[in-house]
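Me: I should like to learn how to read helix packing, a metal site and a peptide bond in a model. Could we take them one at a time?

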Amino acid sequence: VRVVLLGPPGAGKGTAASGIVSEFGVPQISTGDMLRAAVAAGTRTGLEAKQYMDAGKLVPDTTIVAVVQERISQPDCASGFILDGFPRTVPQAEALDKALAVLSFEVEDEDLVARLGGRRTCAKCGAPYHLRNMPPRVAGVCDKCGGQLVQRADDNEATIRKRLETFHAQTAPVAEYYRKSGGLLVRLDGSRRASEVQVDVSAALRRAC
Ligand code: AP5
Ligand code: ZN
């Protein structure tokens with residue numbers, strides 16, 4: 001399986017990726033997670049990326065393409081991987097020359113604002129939660145590992161709206177790019193419950209491989 005998860009911020013790409021990892025056993029490559037790790041570690045890439053992430057803008061293509069190419073050349077990616085958050089521009093899609101199944105998640109902007117505002121993530125294992133839609137059993141504590149749930153720095157309303165603007169201007173054309181390239185592009189209604197979306201994701205991937 002070599003899959004691209006495409007969609008606006010908060011559409012459920014990370015949530016779907018966790019499901020695919022458990023079902024298909026291939027690594028999840030989240031460019032957002034990799035950049036946040038680089039910011040936390042204070043690397044050169046992290047220092048460069050932080051200013052763009054805080055502003056709701058995209059990190060330059062050359063930077064992110066280098067990060068992804070290095071990651072997918074690792075041995076654990078030989079039999080497949082899930083790209084969550086890459087490619088996000090047409091030049092990034094062109095840099096990724098492999099044939100892939102592309103799942104495109106579609107959700108209205110106002111739903112996305114509500115989802116991202118309520119999102120919490122486990123600081124220890126990365127599991128995604130939502131204060132209303134997917135609350136943990138104990139407030140503030142991860143069901144899976146007992147880690148503490150935290151809110152992302154870019155999940156405030158002003159930055160969320162800027163990220164949506166960036167998505168419509170720069171990432172929406174990527175779906176059109178894949179549609180024209182004649183590969184497998186599956187459009188999913190991401191506004192449904194996560195469990196329903198997951199059923200479609202699994203079915204699409206079983207068809208693709
Ligand atoms: P990134 O980390 O990729 O953030 P994003 O695209 O904004 O996406 P999110 O992780 O916010 O959303 P998601 O779709 O994964 O949603 P989730 O499943 O968590 O990127 C961050 C930044 O890094 C970018 O702004 C950019 O600066 C930079 N960057 C990253 N990649 C880059 C690239 N390729 N090029 C350049 N720059 C790059 O779900 C959201 C919430 O909703 C959760 O709380 C979840 O529990 C809930 N939820 C999920 N599904 C459902 C459902 N079906 N119903 C109800 N609630 C749901
Ligand atoms: Zn956890």
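Reply: Let us begin with handedness: a crossing is right-handed if the near helix is turned clockwise from the far one by less than a right angle, and left-handed if anticlockwise. Please note that the model is predicted.

Me: In which hand does α6 pass α7?

Reply: The crossing of α6 past α7 is right-handed.

Me: At what angle do the axes of α6 and α7 cross?

Reply: In general, two packed helices are described by the angle between their axes and the distance between the axes. Here the axes of helix α6 (residues 109-118) and helix α7 (residues 157-181) cross at roughly 135 degrees and come within 10 Å. The pair is therefore oblique.

Me: Which residues make the contact, and what are their classes?

Reply: From α6 come Asp109, Glu110, Leu112, Val113, Leu116 and Gly117, and α7 supplies Glu157, Ile160, Arg161, Arg163, Leu164 and His168. By class, the contact of α6 with α7 has five nonpolar, five charged and two polar residues.

Me: How should the pair α1 and α8 be read, and at what angle do their axes cross?

Reply: The axes of helix α1 (residues 13-24) and helix α8 (residues 194-208) cross at roughly 50 degrees and come within 10 Å. These two helices are therefore oblique to each other. α1 passes α8 in a right-handed crossing. The contact is formed by Thr15, Ala16, Gly19, Ile20, Glu23 and Phe24 of α1 with Ala194, Gln198, Val201, Ser202, Leu205 and Arg206 of α8. Six nonpolar, four polar and two charged residues make up the contact of α1 with α8.

Me: Which protein donors surround the zinc ion (ligand 2), and what is their arrangement?

Reply: Ideal angles at a metal are 109.5 degrees for four tetrahedral donors. The zinc ion (ligand 2) has as protein donors the SG atoms of Cys122, Cys125, Cys142 and Cys145, at 2.3 to 2.4 Å. Because the four donor atoms subtend angles of 94 to 115 degrees, the arrangement is tetrahedral.

Me: How are these donor residues spaced in sequence?

Reply: The spacing is C-x2-C-x16-C-x2-C. Cysteine 122 lies in strand β5 (residues 119-122) and cysteine 142 in the loop between β6 (128-130) and β7 (149-150), so this pair ties together parts that are 20 residues apart in sequence.

Me: Is the peptide bond from phenylalanine 86 to proline 87 cis or trans?

Reply: Most peptide bonds are trans. The bond from phenylalanine 86 to proline 87 is cis, with omega near -5 degrees. Proline 87 is located in the loop between β3 (81-84) and α5 (90-95).

Definitions and conventions:
Residues are numbered from 1 along each chain as its sequence is written. Chains are lettered from A and ligands numbered from 1 in the order in which they are written. This is a predicted model: local features need pLDDT of at least 70, side-chain atom pairs count only at pLDDT 80 or more; totals for chains, interfaces and linings use all residues. Side-chain values use heavy atoms; hydrogens and water are left out. Axes are lines fitted to C-alpha atoms, for helices over the stretch in contact, and angles run from 0 to 180 degrees between N-to-C directions. Helices (H or I, at least four residues) and strands (E, at least two) are DSSP runs, numbered from the N terminus. Angles under 35 degrees count as roughly parallel, over 145 as roughly antiparallel, 65 to 115 as roughly perpendicular and the rest as oblique. Contact means heavy atoms within 4.5 Å. Ala, Val, Leu, Ile, Met, Phe, Trp, Tyr, Cys and Pro count as nonpolar, Asp, Glu, Lys and Arg as charged, and the others, Gly among them, as polar. Donors are N, O and S atoms within 2.8 Å of the metal (3.2 Å for Na, K and Ca); water is not among the atoms, so sites may look incomplete. Four donors count as tetrahedral if all angles lie between 85 and 135 degrees; four count as square planar and six as octahedral if opposite donors are over 155 degrees apart and all others between 65 and 115; anything else is irregular.
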